[in-house]
Amino acid sequence: MKNLQELPKLSDSITYLYIEHAIIEQNDTAIVAIQKEGRTPIPIAAMTCLLLGPGTSITHAAIRAICDNGCMAIWCGEGGGPFYACGIGETRSARNLLRQAKVCMDPDRHLEAAKRMYQIRFPRVKTDGLTIQQLRGMEGIRVRKAYEQASRSTGVHWKKRAYKSENRDASDPVNQALSEGNALLYGLCHAGIVSLGYSPGLGFIHTGKQLSFVYDVADLYKAETTIPAAFEAVKTGKLANELAREVRLKCRTYFANAKILSRIAGDIAWILQKTGEEGPENGPGIGNLWDDQTGSTGGGQNYGGRMCET
């Protein structure tokens with residue numbers, strides 16, 4: 001039986017698996033995908049994220065098996081995007097969420113966290129004396145160069161990043177491929193964030209969206225993963241109906257080589273300046289109650305007989 005107070009080791013997990021047009025059922029303690037080609041066992045205990053695309057039908061028992069094994073189920077559109085809904089993550093500890101909220105709501109600490117996010121992109125540049133506006137400009141130049149480099153190395157023509165979320169098919173192939181790849185990266189980062197007990201909505205650079213922190217974290221890795229993967233997928237000359245699959249295959253390789261899941265936990269901990277002084281990750285089986293004098297007091301007990309003591 002898994003200890004739901006214990007945070008998972010994302011680095012030990014398979015990144016993700018995308019399934020469409022299948023019936024998914026429980027198979028002992030795992031699950032199986034039934035398609036016209038046959039039955040495919042899925043090692044759910046070794047996975048972080050299961051992407052359920054169009055045409056999937058999943059049983060209640062299968063969802064329970066997925067949750068019991070600490071995998072995140074994400075319901076999405078064709079090719080892994082757009083993102084529609086997700087199940088609960090593996091941990092029930094609120095320690096990381098509370099730290100994230102404290103940093104996010106403190107203006108000074110929020111600014112420092114945002115600067116550390118840029119510092120990950122520019123490891124050789126001192127960001128102490130730079131403003132957010134200057135860092136934002138540097139990031140724009142970095143991303144533009146990443147597009148230009150991918151275009152030169154693959155020979156795929158590039159104009160600019162342009163797409164409409166309500167009609168992605170109206171974009172050129174490379175923009176469609178970028179949207180597909182980014183959707184996969186968002187799903188992977190979302191799974192990692194929730195599994196580690198953070199909130200996807202409390203962002204530091206992005207704000208005002210339910211997935212602001214997902215966008216923050218994903219932007220750390222786009223230049224080395226989804227951008228080259230998208231251009232390489234378009235270079236293969238696949239037709240529009242095959243391009244999404246090619247993007248998924250390229251992204252899988254790039255995500256694995258970049259060790260994204262191994263880096264997410266460490267990068268977020270550094271951004272939020274989380275240290276080992278805060279005690280073990282395993283929280284108590286019973287949550288605490290907030291107290292305005294002591295900060296917190298033990299839960300799971302009746303305080304009715306103690307009113308006269310205060």
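**Salt bridges and helix packing**

Modeller: Arg-142 and Glu-139 join their side chains in a salt bridge, with 2.8 Å from N to O. Please keep in mind that this is a predicted model.

Biologist: Thanks! What makes the meeting of Arg-142 and Glu-139 a salt bridge?

Modeller: The cut-off is a side-chain nitrogen of Lys or Arg within 4 Å of a carboxyl oxygen of Asp or Glu. The N to O value for Arg-142 and Glu-139 is 2.8 Å, so the pair passes that cut-off.

Biologist: How far apart are Arg-142 and Glu-139 along helix H4?

Modeller: They are three residues apart in H4, which means that about one helical turn separates them.

Biologist: Why is Glu-139 called buried?

Modeller: Its relative accessible area is 10%. Buried means under 20%, so Glu-139 falls in that class.

Biologist: Which residues belong to the network of salt bridges that share partners?

Modeller: Arg-121, Glu-139 and Arg-142 are joined into one network. Besides Arg-142, Glu-139 meets the side chain of Arg-121 in a salt bridge, at 3.3 Å from N to O. Glu-139 sits in helix H4 and Arg-121 in helix H3 (residues 107-121), so this pair ties together parts that are 18 residues apart in sequence. Both Glu-139 and Arg-121 are buried.

Biologist: How many salt bridges does the structure hold?

Modeller: Five. Another one of them pairs the side chains of Arg-64 and Asp-68, at 3.8 Å from N to O. Since 3.8 Å is within the 4 Å cut-off, this pair counts as well. Arg-64 and Asp-68 both belong to helix H1 (residues 60-68), where they are four residues apart, about one turn of the helix.

Biologist: Is Arg-64 buried or exposed, and how do you know?

Modeller: Exposed: the relative accessibility of Arg-64 is 56%, and the class begins over 50%.

Biologist: Let's turn to helix packing. What makes H4 and H7 roughly parallel?

Modeller: The axes of H4 (residues 132-154) and H7 (residues 226-235) cross at roughly 30 degrees and come within 9 Å. Angles under 35 degrees count as roughly parallel, so H4 and H7 earn that description. The crossing of H4 past H7 is right-handed. On the H4 side, the contact is made by Ala-146, Tyr-147, Ala-150, Ser-151, Ser-153 and Thr-154. H7 contributes Ile-227, Pro-228, Phe-231, Glu-232 and Lys-235. By class, these contact residues are six nonpolar, three polar and two charged.

Biologist: How do you know whether Ser-151 is buried or exposed?

Modeller: Ser-151 in helix H4 has 16% relative accessibility. That is under 20%, so Ser-151 counts as buried. Setting aside neighbours within four places in sequence, Ser-151 is in contact with Val-156, His-157, Trp-158 and Phe-231.

Biologist: And why are H5 and H7 called oblique?

Modeller: Helix H5 (residues 173-195) packs on H7 at about 135 degrees, with the axes 8 Å apart. An angle over 145 degrees would be roughly antiparallel, and 65 to 115 roughly perpendicular. About 135 degrees fits neither range, so H5 and H7 are oblique to each other. The crossing of H5 and H7 is right-handed.

Biologist: Which residues make the contact of H5 with H7?

Modeller: From H5 come Pro-173, Val-174, Ala-177, Leu-178, Gly-181, Asn-182 and Leu-185. From H7 come Thr-226, Ile-227, Ala-230, Phe-231 and Val-234. Sorted by class, the contact has nine nonpolar, three polar and no charged residues.

Notes: Residues numbered from 1 in each chain as written. Predicted model: local features only at pLDDT ≥ 70, side-chain atom pairs only at ≥ 80, totals over all residues. Heavy atoms only, no water. Axes fitted to C-alpha atoms, helices over the stretch in contact; angles between N-to-C directions. Helix = DSSP H or I, 4+ residues; strand = E, 2+ residues; numbered from the N terminus. Left-handed = near helix turned anticlockwise from the far one by under 90°. Contact = heavy atoms within 4.5 Å. Nonpolar A, V, L, I, M, F, W, Y, C, P; charged D, E, K, R; others polar. Buried < 20%, exposed > 50% of the residue type's maximum accessible area, 1.4 Å probe, protein only.
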